[in-house]
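This report goes through a single protein chain, from its overall charge and shape to its strands and turns. The sequence and structure come first.

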Amino acid sequence: QVQVEESGGGLVQPGGSLRLSCQVSGSILSIDTMGWYRTVAGRQRELVALSSFGGLTTYGDSVKGRFSISRDNSRNTARLQMTRVQVDDTGLYFCEVSATSPDTTLKYFRGQGTQVTVGS
């Protein structure tokens, strides 16, 4: 069984910073991509940031230049550093990874998410 656990969400003022963490554990051989997505009620999920095993990164247009994703492959962790946050950044942020299972198939795993609320 694979567990994906996010942490670090909370209330932050506009213009402030927040750091989210993602920890993956369980029966996997290797992790390929690690990404952060967010959802807001009534809207489709949105890509925030994605990192390949080799460190290539992709960002959603609305967060480019403000958010940064990093990962530690030896610890199966990823972080999302959020800076200059805006009210529109409010949402449920969840971590999703693609990983090779012991049966050598590629599977996707996602956590329950951590809520980020931007306001005063």
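## Charge

The protein chain carries 12 positive and 10 negative side chains, and the centres of these two sets are 4 Å apart. The model is a predicted one.

## Overall make-up

The protein chain contains eleven strands and zero helices. Read from the N terminus, the order of elements is β-β-β-β-β-β-β-β-β-β-β. The radius of gyration is 14 Å, close to the 14 Å given by the globule rule for 120 residues, so the chain is as compact as a globular protein of that length.

The C-alpha trace spans about 45 × 25 × 25 Å along its principal axes. The accessible surface of the chain is about 6,600 Å², and carbon and sulfur atoms account for 47% of that surface. Of the 120 residues, 41% are buried. Taking contacts between residues at least 6 apart in sequence, 54% join residues that are at least 24 apart.

## The E7–E8 hairpin

In a regular strand the side chains alternate between the two faces of the sheet. Strand E7 (residues 67-72) has such an alternation: Phe67, Ile69 and Arg71 are buried and point to one face, while Ser68, Ser70 and Asp72 point to the other face and are not buried. Strand E8 (residues 77-82) pairs with E7 in the antiparallel sense, over six bridges. Within this pairing, Phe67 has Met82 of E8 as its bridge partner.

The two strands E7 and E8 form a hairpin, with four residues between them. Asn76 is located in the loop between E7 and E8. Asn76 has a positive phi of about 55°, although this residue is not a glycine. With a relative accessible area of 24%, Asn76 is partly exposed.

## Arg71

Is Arg71 buried or exposed? Its relative accessibility is 19%, and buried means under 20%, so Arg71 counts as buried. Arg71 lies in strand E7, where its side chain shares a face with Phe67 and Ile69.

Leaving aside neighbours within four places in sequence, Arg71 is in contact with Ile31, Asp32, Thr33, Met34, Ser51, Ser52, Phe53, Thr77 and Ala78. Gln3 and Arg71 are 68 residues apart in sequence, and their C-alpha atoms are 17 Å apart in space.

## Strand E9 and its partners

How many of the ten residues of E9 are buried? Eight of them are, so strand E9 is largely enclosed by the rest of the structure. E9 covers residues 91-100.

Strand E4 (residues 30-39) pairs with E9 in the antiparallel sense over eight bridges, and in E9 Phe94 stands opposite Tyr37. E9 is also joined to E10 by five bridges, and these two strands run antiparallel. Here Glu96 has Arg110 of E10 as its bridge partner. Strand E11 (residues 114-118) pairs with E9 as well, in the antiparallel sense and over three bridges. Two residues of E11 can be placed against this pairing: Val116 stands opposite Gly91, and Thr114 stands opposite Tyr93.

## The E9–E10 turn

The hairpin of E9 and E10 has five residues between its strands, and Thr104 takes a positive phi near 70° there. Thr104 sits in the loop between strand E9 (91-100) and strand E10 (106-110). Thr104 is not a glycine, yet its phi is positive at about 70°. Its relative accessibility is 61%, and exposed means over 50%, so Thr104 counts as exposed.

## Strand E11

E11 has one covered face, made of Thr114, Val116 and Val118, and one uncovered face, made of Gln115 and Thr117. Strand E2 (residues 10-12) is joined to E11 by three bridges, and these two strands run parallel. In that pairing Gly10 stands opposite Val116. Val116 of E11 therefore has a position opposite Gly10 and another opposite Gly91, and belongs to the covered face of the strand.

Notes:
Residues numbered from 1 in each chain as written. Predicted model: local features only at pLDDT ≥ 70, side-chain atom pairs only at ≥ 80, totals over all residues. Heavy atoms only, no water. Rg over C-alpha atoms; globule rule 2.2 N^0.38 Å. Buried < 20%, exposed > 50% of the residue type's maximum accessible area, 1.4 Å probe, protein only. Contact = heavy atoms within 4.5 Å. Areas by Shrake-Rupley, 256 points an atom, 1.4 Å probe, with all protein chains shown as cover. Lys, Arg positive; Asp, Glu negative; His and termini not counted. Charge placed at Lys NZ, Arg CZ, Asp CG, Glu CD. Pairing = 2+ DSSP bridges.
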